[in-house]
Amino acid sequence: MQKILQIKEFEVLVIKAKNSKTTKLSICPESHKVQLRSPWRMPYSLAQKILEKNYNKILTLQRNLEQKIDNINFYQEYSSDMLSIAFQSIDSPTHITQPAPNKIDLYYNPVLSKMQNIQQIRPQLLTKIKQVCMHKIKEEFLFVLSQIQPFEKNKVNNIRIKNIKTRWGSCSSKGNINLSIKLALLPNHLRKYVMLHEIAHLQQPNHGPLFWQHLSNLCQENAKILDRQLKNYHTDLFFLL
Ligand SMILES: [Zn+2]
């Protein structure tokens, strides 16, 4: 259950979660808006009071996000191994084109703030990136899968590329593998690592020593080093998605 509450100039999405025992303020990775997770039984009137009390915290969260967006260099071209995204300044409204299959041009209006530009671009950008990458990521995953042992391959039930923001991928006990669209922004070797990581979970659901050993075998190198590389990897484009 969820509802939008107005706290001064901010709209805050309140999400009542069955499994949450406390309240938690954060930026929603989907909408880039502030959200509050609250216990299932907490009335919205109480959530309103809590939010009003925490107005300064909301302000800080919002400012931090704006700062991250501010750091994006609008004159740079960003390239991952899978696609390249270039910014171009233009007088007309902010929009996006796709001049080549793996190239996306973002036209932004310098009169608007970066935040305003990005709010306008995000839905379109996501759609374009999905178009470019969904198919490619899936194809790549199937190739990675074809290189490993048949008994492991057979455990895969379904593979989906999703708009997941908070993690790279997941693997259920039923063999359903989800991968994040953000993989499109990773270098090839790290994208492959994420894929093998989820495949390794088919055999080892937890992150114990056996899991890392198995994953290192699949990667043919030290998986923990790759994992650290992934955690340290950064591109400003992550904030756009
Ligand atoms: Zn894992």
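Reader: Why are H3 and H5 called oblique to each other?

Author: Happy to walk you through that, with the reminder that this is a predicted model. The axes of helix H3 (residues 114–146) and helix H5 (residues 188–200) cross at roughly 60°. Angles under 35 degrees count as roughly parallel, and 65 to 115 as roughly perpendicular. The crossing fits neither of those classes, and therefore H3 and H5 are oblique to each other. Their axes come within 10 Å, and the crossing is right-handed.

Reader: What makes H3 and H5 meet, residue by residue?

Author: Contact is judged by C-beta atoms that lie within 7 Å. On the H3 side, Phe-141, Val-144 and Leu-145 take part, and they meet Lys-192, Met-195, Leu-196 and Ile-199 of H5. By class, this contact has six nonpolar residues, one charged residue and no polar ones.

Reader: How do you know that strands E3 and E4 pair?

Author: Pairing needs at least two bridges, and four bridges join E3 (residues 24–27) to E4 (residues 34–39), so the two strands pair. They run antiparallel. Leu-25, for instance, has Leu-36 in E4 as its bridge partner. Six residues lie between the strands of this hairpin, where His-32 takes a positive phi near 65°.

Reader: How do you know that domain 1 touches domain 2?

Author: Five residues of domain 1 are in contact with four residues of domain 2. The touching side of domain 1 has two nonpolar, one polar and two charged residues. Domain 1 covers 2–71 and domain 2 covers 134–240, with their C-alpha centres 31 Å apart.

How values were computed: Residues numbered from 1 in each chain as written. Predicted model: local features only at pLDDT ≥ 70, side-chain atom pairs only at ≥ 80, totals over all residues. Domains from an automatic or database assignment. Contact = placed C-beta atoms within 7 Å. Nonpolar A, V, L, I, M, F, W, Y, C, P; charged D, E, K, R; others polar. Axes fitted to C-alpha atoms, helices over the stretch in contact; angles between N-to-C directions. Parallel < 35°, antiparallel > 145°, perpendicular 65-115°, else oblique. Left-handed = near helix turned anticlockwise from the far one by under 90°.
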